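Here is a colleague's note, set out as numbered points, to be read slowly with the sequence and the model side by side.

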Amino acid sequence: MASVENILEGNRICICAGSGGVGKTTTSAAIALGMAARGFKVCVLTIDPAKRLADSLGLEQLGNEATMVDPELISEHGVQEEGGELWAMMLDAKETFDALVSRHAEDEEARDRVLNNRIYQQISGALAGSQEYMAMEKLFELHSEGRFDLLVLDTPPSRNALDFLNAPQRLTQFIEGKSLQVFIRPTGFAARIAGRGAGVALSVLKRLVGFDLLADLSEFFTAFSGMIDGFQERGHRVSALLADDETTFIVVCGPQADQVEEAVFFHSKLVEQKMNFGGAVVNRVRYRLGTKAPKLKALTSKLDGEISNPELAETIARNLLEYDVLAQRDAKNIAVLRKTISGEPVIRIPYLDTDVHDIAGLSEINRYLFTNEKERVDLASNGN
Ligand SMILES: Nc1ncnc2c1ncn2[C@@H]1O[C@H](COP(=O)(O)OP(=O)(O)OP(=O)(O)O)[C@@H](O)[C@H]1O
Ligand SMILES: [Mg+2]
């Protein structure tokens, strides 16, 4: 029976992936809360959570370090088993990159030369995939420390969920690639230019950009070149961690056809790359009113009986019927998902009336993530 607890049995890392806005941050936080309530020591690594959710987890003031969520806050919303702890952190790609530079730098001087370099300061925030890569880097660091039973990783709001899987390769390709090598070789472009002194072009450039761009470039790449082996080695280890037996992916999607299609595609990529697919979470599902579409006339007269206003009753009835059409569409798309990834768990979460921005909201989500299929159907038919 599909429940997150069963899916995660024997796993140390759970990665919630999916396309933009589908509910990755919400699902990650809910999974972490649910597992902590079941006695595990869990840390959720969130990325850019909505401010209210961050506030309610006590994350408003925090940087890049894990912080324990007040246990009383959690036990207010359900039974908490002995030993469970919920920790949370907000990932900051720039800070993680800085920490990585500090680790790989030969000495303090080399470190400061990179950190204070204006090119680095631009690149570390903007490098393609750096946010994805840094998320994994932090994951790797926490995993190596071994402080937690389970790490739940939220993934960045990328347009395409696959960006995340490819991030380590993209970073190593960038480092190994021609563009960077041109700068790094001692006889490279930057060295040649920098060696030439201030030509007319350079002084014009300097006036335009306001600082000595090429000198900064040259200095950055020279300082950075000493760290490349460290970065590459780390990139390979991070990739290996993604494919580890104790790592599992939960793919979050919405019930719309294109979102389901993307989840199916992501599933196939995981299989192809021999990574573990734990299951799919279909979020914001509209549930049907019953097993059959109701008739407008019957529904109107039933509603009229409740509110004694025939016009209003008909308007509400029409709306309900339209909603039922959307719900039927959702059900059809979910059936396609189930069939395509046959045998893999699919968990549905209904479209709730309000945003999920606190522990109570996460607990509500957990009524679906952590119950078995039969109970979930009952919840839905009870109108919950
Ligand atoms: N089942 C639900 N019912 C109602 N609202 C929901 C549900 N799930 C998530 N939300 C709300 O939808 C919004 C987006 O969710 P969330 O931030 O988790 O998405 P995301 O996939 O992390 O987005 P991004 O790709 O931008 O990081 C949030 O305001 C959240 O509270
Ligand atoms: Mg998010």
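1. The chain, which is seen here as a predicted model, contains 19 helices and eight strands. Of its 384 residues, 36% count as buried. If one takes the contacts between residues at least 6 apart in sequence, 77% of them join residues that are at least 24 apart.

2. The eight strands of the sheet follow the order β3-β4-β2-β5-β1-β6-β7-β8, and this sheet is open, with mixed pairing. Its edges are formed by β3 (67-68) and β8 (346-350), each of which pairs on one side only.

3. Within the sheet, strand β1 (residues 13-17) and strand β5 (residues 150-154) run parallel and are joined by four bridges. To find one such partnership in the model, begin at Ile 13, whose bridge partner in β5 is Leu 151. Helix α2 (residues 24-37) packs on the sheet, where it touches β1, β2 (41-46), β4 (85-90), β5, β6 (247-253) and β7 (277-285). The direction of α2 makes about 170 degrees with that of β2.

4. Helix α2 also meets another helix, and it is worth following this contact residue by residue. The axes of α2 and helix α18 (residues 359-369) come within 9 Å and cross at roughly 80 degrees; angles of 65 to 115 degrees count as roughly perpendicular, and α2 and α18 are therefore described in that way, as roughly perpendicular to each other. On the α2 side the contact is made by Thr 26, Ala 29, Ala 30, Ile 31, Leu 33 and Gly 34, while α18 contributes Ile 359, Leu 362, Ile 365, Asn 366 and Leu 369. Sorted by class, these residues comprise eight nonpolar and three polar ones, with no charged residues.

5. What angle do helix α5 (residues 93-104) and helix α6 (residues 108-115) make where they pack? The angle is about 150 degrees, and the axes of α5 and α6 lie 8 Å apart. Since angles over 145 degrees count as roughly antiparallel, α5 and α6 are therefore roughly antiparallel to each other. The crossing in which α5 passes α6 is right-handed.

6. The contact between these two helices is made by Asp 98, Val 101 and Ser 102 of α5, together with Arg 111, Val 114 and Leu 115 of α6. By class, the residues in the contact of α5 with α6 are three nonpolar, one polar and two charged, whereas the contact of α2 with α18 has no charged residues.

How values were computed: Residues are numbered from 1 along each chain as its sequence is written. Chains are lettered from A and ligands numbered from 1 in the order in which they are written. This is a predicted model: local features need pLDDT of at least 70, side-chain atom pairs count only at pLDDT 80 or more; totals for chains, interfaces and linings use all residues. Two strands pair if DSSP finds at least two bridges between them. Two residues are in contact if their C-beta atoms, placed from the backbone, lie within 7 Å. Axes are lines fitted to C-alpha atoms, for helices over the stretch in contact, and angles run from 0 to 180 degrees between N-to-C directions. Angles under 35 degrees count as roughly parallel, over 145 as roughly antiparallel, 65 to 115 as roughly perpendicular and the rest as oblique. A crossing is left-handed if the near helix is turned anticlockwise from the far one by less than a right angle, and right-handed if clockwise. Ala, Val, Leu, Ile, Met, Phe, Trp, Tyr, Cys and Pro count as nonpolar, Asp, Glu, Lys and Arg as charged, and the others, Gly among them, as polar. A residue is buried if 20 or more other C-beta atoms lie within 10 Å of its own, exposed if 12 or fewer, and partly exposed in between; C-beta atoms are placed from the backbone.
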